[in-house]
Amino acid sequence: MTESTEHGTPLAVALVGCGIIGLNHAKAIGLHPDAVIVALVDEIPQAARALADSIEEAGSARPAEFTTLSAALASVSVDLVVVCTPSGQHVQLAQEAISAGKLVLIEKPLDVTVPRAKRIAALAAEAEADGLVVSVISQHRFDPASVVIADAIESDGFGRVTSAVASVAWWRSQEYYDSGQWRGTWELDGGGAVMNQGVHTVDLLLWFLGRPVEIQAHTALLAHGRVEVEDVAVATVRFESGALAVLHATTAAFPGLSVRLQVHGSRGSAIIEDDQLEFFHVAGDDSGSVANQAAGVVAPSELRGGERDPDRFAIGHLRQYEDVVAAIREGRPPRVRVDDALLALAVVRSLYLSSTLGRSVSLAEVLDGSLDDVTVTTGGAA
Ligand SMILES: NC(=O)c1ccc[n+]([C@@H]2O[C@H](COP(=O)([O-])OP(=O)(O)OC[C@H]3O[C@@H](n4cnc5c(N)ncnc54)[C@H](O)[C@@H]3O)[C@@H](O)[C@H]2O)c1
């Protein structure tokens, strides 16, 4: 246990990677009373400086700036290391932080390869046994709409969960892919519409439907250039429970539509559209209503509030920080475990392997390393 966790001063945070999501973390941490950024790390000094400027302008103390995590850990007292670098570097930095005895929060996805992800899962398990918290960002698990559905499934409100339909229909411009050398590469992005944009929805699917056993998929690159990975993917997923799901993820749906997730069961169903609960019906409600809000099952203000809040994106991360900080303070595991993120990553990899091999792939063969030597490829226009 670190000094500040013992003495009740705010957790000292080192933020590694000061790009787009780093800024969002800085906003979320700025809203949390029990955490403060003391160090900013970016291999591009101007990126750390710009973020330090904005933190100072927002009225908080200016953090120290570093170009490597090791330099930061050698100079400043840090409790929690937050990893916000390109995806293919997550495990390497998280490993360094765990080895230094730090608490760790890793941006999604856990990393881009299953062998590396398994390594960090093993290290995280050891760290947890020593009382350290290691978690992975999956902020949509904290959306009120997601929590209502997970609770309903847990309490059998949907009866037997039978199926789900998930669609991420977004648009990313060519400029987006050109904006960072790591974007759209297998090595550092680890994939496209599913690995980068769709992994949140994959994670919710697993949270709601349980452990998958088999995935069949197709991917294609149809609307972008200078990109190695897919901008369209479709898949079917069979779960251990017998439930079936359809997944669609694209960054080629101009002008960018919604993220939609439908969950169906023998006694109820729910639909989330852009993080909001659009439909909710559980066992015992015979009204056939659009939602059980009138019965007090969900609070509309909580579910629909804040849609136009410019900091709404940071609020999602803040909700997860509330859990992570509470887990640290209470000495309990965080709600999102490294093993949850490993499973989501393994499903994304299964999807790519299925598309590459032209056959269905079992989660077991992805997790046991049988397919580690396969080089994944992206399908294209016929
Ligand atoms: N949770 C979410 O909703 C969400 C949203 C966007 C991005 N992300 C994730 O956050 C990560 C970063 O994405 P981004 O859009 O902020 O990328 P970005 O390119 O805007 O920022 C990454 C930053 O990391 C820095 N960096 C690279 N290697 C480094 C190293 N070894 N040490 C220190 N700094 C290093 C880069 O210089 C850059 O400033 C990705 O894994 C992405 O999937 C999550």
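**Two domains, two sheets and a ligand shell**

The C-alpha centres of domain 1 and domain 2 lie 26 Å apart. In this predicted model, the domain assignment of the protein chain gives each domain two segments: 3–139 and 324–336 for domain 1, and 140–287 and 343–365 for domain 2. Where the domains meet, 14 residues of domain 1 and 17 residues of domain 2 take part in the contact. The side of domain 1 that touches domain 2 is made up of 7 nonpolar, 4 polar and 3 charged residues.

One sheet of the model is an open arrangement of 6 strands with parallel pairing, in the order β3-β2-β1-β4-β5-β6. Its edges are taken by β3 (64–66) and β6 (134–136); each has a single partner strand, so one side of each is left without a neighbour in the sheet. On average, and with direction ignored, neighbouring strands of this sheet are turned by 25 degrees against each other. At the β3 edge, strand β2 (residues 35–41) runs parallel to β3 and is joined to it by 3 bridges. Ala39 has Ala64 in β3 as its bridge partner.

Strand β2 also holds Ile37. Is this residue, Ile37, buried or exposed? Ile37 counts as buried because it has 27 C-beta neighbours inside 10 Å, and the threshold for burial is 20 or more. Leaving aside neighbours within four places in sequence, the contacts of Ile37 are Val13, Leu15, Ala26, Ile29, Ile55 and Pro63. The C-alpha atom of Ile37 is separated by 15 Å from that of Gly19, and the two residues are 18 apart along the chain.

Gly19 leads to the ligand. The shell around the ligand has 23 residues, of which Gly17, Gly19, Ile20, Ile21 and Ser87 come nearest. Helix α2 (residues 20–30) provides the largest share of this shell, with 3 residues. By residue class, the shell around the ligand divides into 10 nonpolar, 9 polar and 4 charged residues.

A further open sheet has 8 strands and mixed pairing, in the order β13-β12-β11-β7-β10-β9-β8-β14. Here β13 (276–281) and β14 (361–362) stand at the edges; each has a single partner strand, so one side of each lacks a neighbour in the sheet. Strands β7 (residues 161–169) and β11 (residues 259–265) run antiparallel and are joined by 7 bridges. Within this pairing, Val168 stands opposite Val259 in β11. Helix α9 (residues 193–209) packs on the sheet, where it touches β7, β8 (212–220), β9 (232–239), β10 (244–250) and β11. The direction of α9 makes about 160 degrees with that of β7.

At the β13 edge, strand β12 (residues 269–273) is joined to β13 by 5 bridges, and the two strands run antiparallel. Glu273 stands opposite Gln276 in β13. These strands, β12 and β13, form a hairpin with 2 residues between them. In the turn, Asp274 has a positive phi of about 50 degrees.

The backbone also calls for a closer look. Most residues other than glycine have a negative phi, and most peptide bonds are trans. Against this background, which residues have a positive phi without being glycine? Asp156 has a phi near 70 degrees and lies in the loop between α7 (144–154) and β7. Asp156 counts as partly exposed because it has 14 C-beta neighbours inside 10 Å. Arg226, likewise not a glycine, has a positive phi of about 50 degrees and is found in the loop between β8 and β9. Arg226 is exposed, since 9 other C-beta atoms lie within 10 Å, and the limit for an exposed residue is 12 or fewer.

Cis peptide bonds complete this part of the description. The bond from Lys108 to Pro109 is cis, with omega near -20 degrees, and Pro109 is placed in the loop between β5 (103–106) and α6 (114–129). Phe254 and Pro255 are also joined by a cis peptide bond, with an omega of about 5 degrees. Pro255 belongs to the loop between β10 and β11.

Conventions: Residues are numbered from 1 along each chain as its sequence is written. This is a predicted model: local features need pLDDT of at least 70, side-chain atom pairs count only at pLDDT 80 or more; totals for chains, interfaces and linings use all residues. Domain bounds come from an automatic or database domain assignment. Two residues are in contact if their C-beta atoms, placed from the backbone, lie within 7 Å. Ala, Val, Leu, Ile, Met, Phe, Trp, Tyr, Cys and Pro count as nonpolar, Asp, Glu, Lys and Arg as charged, and the others, Gly among them, as polar. A residue is near a molecule or strand if its C-beta atom, placed from the backbone, lies within 6 Å of it. Helices (H or I, at least four residues) and strands (E, at least two) are DSSP runs, numbered from the N terminus. Two strands pair if DSSP finds at least two bridges between them. Axes are lines fitted to C-alpha atoms, for helices over the stretch in contact, and angles run from 0 to 180 degrees between N-to-C directions.
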